[in-house]
Every structure is written in structure tokens, then in C-alpha cells.
Amino acid sequence: MAAIIIDNVAKSFGSFVALERVDLHVADAEFVALLGPSGCGKTTLLRIIAGLETQSSGRVQIGGRDVSALAPRKRGLAMVFQNYAVFPHMTVRQNVGFGLRMAGAEPARIERQVARAAALLHIEPNLDRYPAQLSGGQRQRVAVARALAIEPSVLLMDEPLSNLDALLRLEMRAELKSVLREAGTTTIYVTHDQTEAMGLADRIAVLHAGRIQQIGPPTEVYALPATTFVGGFVGSPPMNFLTLPVTNRQVQLGALSLASPAGSTGRIVLGVRPEDLQPTAAAEGFPFVVRVAEPLGSHIMLTGESAGQRVRVIVPPEHPVRPGVTMHLRPRLDRVVWMDPASGAAVSRGEGRKLGTEAAGD
Amino acid sequence: MTLRRAVFITGIIVLSVWTLLPIYLIALGAVGGRTVVNSWPKPFLPPADLSFATMREFLDIAGVWTSALYSVEAAVLCMAFSILLGVPAGYALARFVFAGATAYRLVVLLTRAFPVAILALPLTVGFIRLGLYDTPLGVSLMHTALALPFAVLVSASLFQAIPKELEEAAWVFGCSPVRAFLRVALPLALPGIAATAIFAFVISWNEVFAASVLTVRHKTLTAYLLSVLSESPLHVQFAGGFVLIIPSVLFIFLVRKRLFSMWGIANR
């Protein structure tokens, strides 16, 4: 159980900048997800924390110790790899006990820990089999059991569920969450799947092009994105962004006249989620031309245009819709966010203070 | 039967005959005795009066067993040197990025392009100076030079086939790089390395030119047979040749599956 401090870490591969001065504080027993698209640097950051890559500058501290120059085995952490990296020439039992065996623990203790980890991950029947005889999901459990058996102070996970099928992923997510919560291990979890991040993490750090754009609890990252990138990446379907002209601190949207944030001139970006747009009468909303209607079971997703820009709306499954029809929508004003069109950063509604990225979350 | 299939089957028949017929003829000559060797056309089926008398006679020739032992000695040394030098080199090629890696691969391969005949005399002179002339050790060094490119490049591809994540996992879970190599990379590569070792053995066992040039009184079996058998009757030469073939064919047959996977032929 240890806190992690990533202090001004940067990493370049030759002329390619993978990470640009990242700062991150992870509290003890906290679960932080590093979320971002491919190539954003999240795996690089994880590997730097693990010691598998050396940072170009900056320091990493685990549990108060500066581990920046230490080999991976000396950092007191465990890791679950994307492709599981379960040793094929050892049985499951030997795999799970590997960390403890390398540390020279007593055989009795190794057996106890292996049994405990196996019970937690439900792999007891497989203990004497070889990984080649197991399915992908079972191998993934072995990889997690191997990591938990050593009772690490820090657990690093690199997209551990991405190679599983959708149903298995859902099950494993729930299991992982309860197991890790019980163990109280500080966890850093890398993923490109925002539902995974939302479901598992205490805080989400959204990365893009080597920078952390926002860190915060899932609800905050979802409702109050710091940039258009975060709003568009988190949440499925993504947030709608409408670029609108500002006149006299007012923004005209159909029949609605909205007060724009202080200090905004020219144009502003209005961000609103598809589920926060409600069908309404013509006089109380703005027009929306339906182009495509996708019935998705629990709701219907409508894709169309407002003010010449693409907008998506979610309506209940019984709502009568047809492509080509013009509806009128009204946003829930308490769920609307404003962004600066040039920088993409959020602008506060009230005081005009910019919501920038936050380094420390506590 | 399509044309393509006919060509395919013909190709297989030709290749099989190309490989198996000489072995059969030698075997025939070895066990058939004088009569078979000197008869024409050769009997298609083995004659009834097979005897191993010739082969026994051959094995009784003075010096055959001692030279066989020298062959084994040189081959074992060649195997040991090739593996001890080749496997770490292959690991370095597979795991580390360094300037000149591609050039190194090419150079290692090009050493095989050197005609041994040109090297023979300078090598003899050098060995005499070093006191390695006429020793199995000296022969094994020469053979190591022949087997090393194979050992290096095959080891490199063996280690490349082992995912780096396995060693990284070992590093995370308490292994130093050396320990990770010994506990994870080596066990997984061991079958391939064993096959490479056997192949190095066979290369050394079969080699005749360098062995003849570099030895006088401690000849390996191949060199010995070259000198002794040139005077012998034909059927004894056949017996000698057959004795030489057996170990090589046997070894290669034993490790054929490994060699297939090493050379990239999928084996389902």
C-alpha cells in the first residue's frame, strides 16, 4: 500500500515526444485509470512507473522512495500485461508463486499465498495445468493471481481485459473491482475503453498526445470535461459540440437565448451530451433534422444536424421518429458546458475562470 | 489428375530418388559384398546373401575406432564452442538494438562464403605456430567457424520468437536480467538450441577437407577414410561410406521436427 508521485516525467524516443511533462499524484489504495486513445502515451507512462522504460526527465516516487533509478524488481510492484505474459513452461501454480519464489519466501508461505490468490480468482481447478491448456480468460486470471500473490504495494495493469470477449470483459471487470477493493492495493490501470475506466476507477486521468488533459472522479470527468477532447472521448455516444456566435453575451440557439460565459466574444462552443437533449415544442427549443435513427434496444440514437453541425440525441425507445423529420430539442441547462473554440478548453459559466488541467486530485 | 498435381508428384519422386538412391546404393555396396558392388545393373531388391562381413572387416581396419573417437572429440568440442559463443550472440541480436546489427548478421553469414581450400595452407601454418596442428582441438576450432553462423542466426530467431513481455514479467516479479534469461528465455529456447547443437555436431562429423588438411596422425574418421580407403577395394570403401552416413542421418532424423520449425516450416 503506497502512494505514487509522478513528478515532471517526460519521455522522448529520439525526436518523437511520447510524454510531455506529466505530473500525477496517486493516493494510497486509490484506483487511477489512465485513459486515452492509442498512441497517447499511457502505456509508456505505465512502463516508466514499472521501470521497464527509463524516463527522459523527471522522477517517480513510490511510497515515499525515489525509485527513478531502480530496476523493476526493486520497486515493490506487480504488473499485469496486456498479453498476460504467463510463463508457458511453468504450471499455473508455479506461475502464481513465481514472485514469491524469486524473493526466497518459505515454501509454506508460498503455498498459502498461491492458494489464496487462486481462490480469489477462481482458478483452483487449474493449478496443475499448463497455460497452453487454458482459455484466454483463464490465462488472464492466472496473470492477475500472479500479481496479487505477492501482495504488492502497487499494482499496474496494462489493458488486461482488451483481449477478452465482451461478456467476459464485463464479468472480469466486476470481479476485479471487488477483489482490488478488498485488497486495498494502489492500482494504476491503463485502458482505451472509457466504460472500463468509468466503471473501475476512483479517478480517471485522460491522456492525449502525451499530456494529461484532465484528472478527476468519473462523474466529474463525464459531466465537466476540461477540453473538447475529453468530452468527445469519454461517454458513448460522445458529447455534442456546437460552435455558435456570441452577440452581446448571448448565444442564440433556435428559439433559445442562452447567457454565454463572461469574457467570451466572437464564437463559443456549446457542449451537451446526447442524453441531456430533450424533445420539446418548437417555441422552446432549437431545430434538429433527423438523418439516421438507430434503435439500440434501451434507447434510440438519432444522428442529425442542428445549426449546420452534427448532433446526436438519445430518446426513449417508444419515441416516434423518422429520418428527414425536423424535431425540436431543449438542452438541460444545468448539464451544459462551454468551451473555447480556439483552444478547446472549458470555460466556466459563471466567473469566466478557465478550468485547466489539475495535477493533484487530493 | 491435373497438370499441377502431376508436376508436384513428379517433383516429390525426383527429390526422393535424388536423396534416397545414393544411400541405397551405398548400403547395397556395403552389405552386398564384392559381387554386388561389381555387378551391373545393380539389383533393385537386396540380394539374399547379405552379410555384414564387409562392414565388420571395415571396422577392424586398424585405426578406424581411434579416428572415430577423434571425430567425436572434434564434433563435441565444435558443438560446445558453437553453443557457448553462438547463443549469447543470438540473444544480443534478438534483444538489443545496436548500430551494426544488420551488418553483423551479414558478415556472420558471409564467413561461410569463404572457400576452405584457400584458407587451408595459411591455416595450417598458423596452427603449427600455435601448436594446434594435428589436434582434434584445432580441427574443432575450424569446424566451429563453419557452424557458428548457423548457431548465431538460429539462436537469434529462436529468441525473437519468445515474446519480450515474458522476460519483462520476470523482471517485474523479482528477476535480474541474467536470472530472467536463465529462468524464462533459456528454457523456452532450449529445444531449438539442442537441435542447433546436434546440427553443429553433424557439420563437424561430416567435414572432410579441413580435417584432412589439419591432421596427420590424429585424423578424424572422414580424413582417415579419405587416406586409407583410397587404396582399399571398392566394397570396403562402400562400407566405410555407409558407416559415415549412419550417425548423420540418424541425428538429423531425430531432430527433424525441430529443424522444420527452425527453418520456418509450420508443423501441424
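Is A:R211 buried, partly exposed or exposed, and what is its relative accessibility? A:R211 is partly exposed, at 45% relative accessibility. Here buried means under 20% relative accessible area, exposed means over 50%, and partly exposed lies in between (1.4 Å probe, protein chains only).

This is a predicted model, in which local features need pLDDT of at least 70, side-chain atom pairs count only at pLDDT 80 or more, and totals for chains, interfaces and linings use all residues. Residues are numbered from 1 along each chain as its sequence is written, chains are lettered from A and ligands numbered from 1 in the order in which they are written, and side-chain values use heavy atoms, with hydrogens and water left out.

**Salt bridges**

A salt bridge is a side-chain nitrogen of Lys or Arg within 4 Å of a carboxyl oxygen of Asp or Glu. By this rule there are 16 salt bridges over all chains. Three pairs from chain A are set out below.

| Pair | N to O distance | Separation in sequence |
|---|---|---|
| A:R211 and A:E20 | 2.8 Å | 191 residues |
| A:R203 and A:E30 | 2.5 Å | 173 residues |
| A:R109 and A:E151 | 4.0 Å | 42 residues |

Elements are named from DSSP runs, numbered from the N terminus: helices are H or I with at least four residues, strands are E with at least two. A:R211 sits in strand β10 (residues 211-216) of chain A and A:E20 in strand β2 (residues 16-26), so their salt bridge ties together parts 191 residues apart in sequence. A:E20 is partly exposed, at 33% relative accessibility.

The bridge between A:R203 and A:E30 also links distant parts of the chain. A:R203 belongs to strand β9 (residues 203-208) of chain A, and A:E30 to the loop between β2 and β3 (31-35). A:R203 is buried, with a relative accessible area of 6%. A:E30 is buried as well, at 11%.

A:R109 lies in helix α4 (residues 107-121) of chain A, while A:E151 lies in the loop between α5 and β7 (154-158). A:R109 is partly exposed at 31%, and A:E151 is partly exposed at 42%. Salt bridges that share partners also join A:D7, A:R59 and A:D66 into one network.

**A buried serine in chain A**

A:S306 is part of strand β17 (residues 300-306) of chain A. A:S306 is buried, at 1% relative accessibility. Contact means heavy atoms within 4.5 Å. Not counting residues up to four places away in sequence, A:S306 touches A:L242, A:F286, A:P287, A:F288 and A:V311.

**Where chain A touches chain B**

A:R73 is placed in the loop between β5 (65-66) and β6 of chain A. Its relative accessible area is 31%, and A:R73 counts as partly exposed. Leaving aside neighbours within four places in sequence, A:R73 is in contact with B:W171, B:V172, B:G174, B:C175, B:S176 and B:P177. The C-alpha atoms of A:R73 and A:G99 are 9.4 Å apart, with their positions 26 residues apart along the chain.

Two of these contacts, B:W171 and B:V172, are among the buried residues of α7(B). Helix α7 (residues 164-172) of chain B has 7 of its 9 residues buried. Its cover includes α1 (42-50), β6 (77-80), α3 (98-102) and α5 (136-149) of chain A, together with α3 (64-95) and α8 of chain B. Just after α7(B), B:G174 takes a positive phi of about 110°.

**Surface patches**

Patches are made of residues with over 30% relative accessible area and no salt bridge; like charges are joined within 9 Å, and nonpolar side chains (Val, Leu, Ile, Met, Phe, Trp, Tyr) within 5 Å. Lys and Arg count as positive and Asp and Glu as negative; His and the chain ends are not counted. A charge is placed at NZ of Lys, CZ of Arg, CG of Asp or CD of Glu.

A:R73, A:K74, A:R101, B:R179 and B:R183 form a positive surface patch. B:R183 is in helix α8 (residues 177-206) of chain B, and is partly exposed at 36%.A nonpolar surface patch is formed by B:M1, B:F8, B:I9, B:I12, B:I13, B:V17, B:L21 and B:L25, with about 760 Å² of accessible area together. Accessible areas come from the Shrake-Rupley method with a 1.4 Å probe; for residues, only the protein chains shown count as cover. B:I12 lies in helix α1 (residues 3-38) of chain B and is partly exposed at 42%.

**Chain B overall**

Chain B has 12 helices and 0 strands. Of its 268 residues, 40% count as buried.
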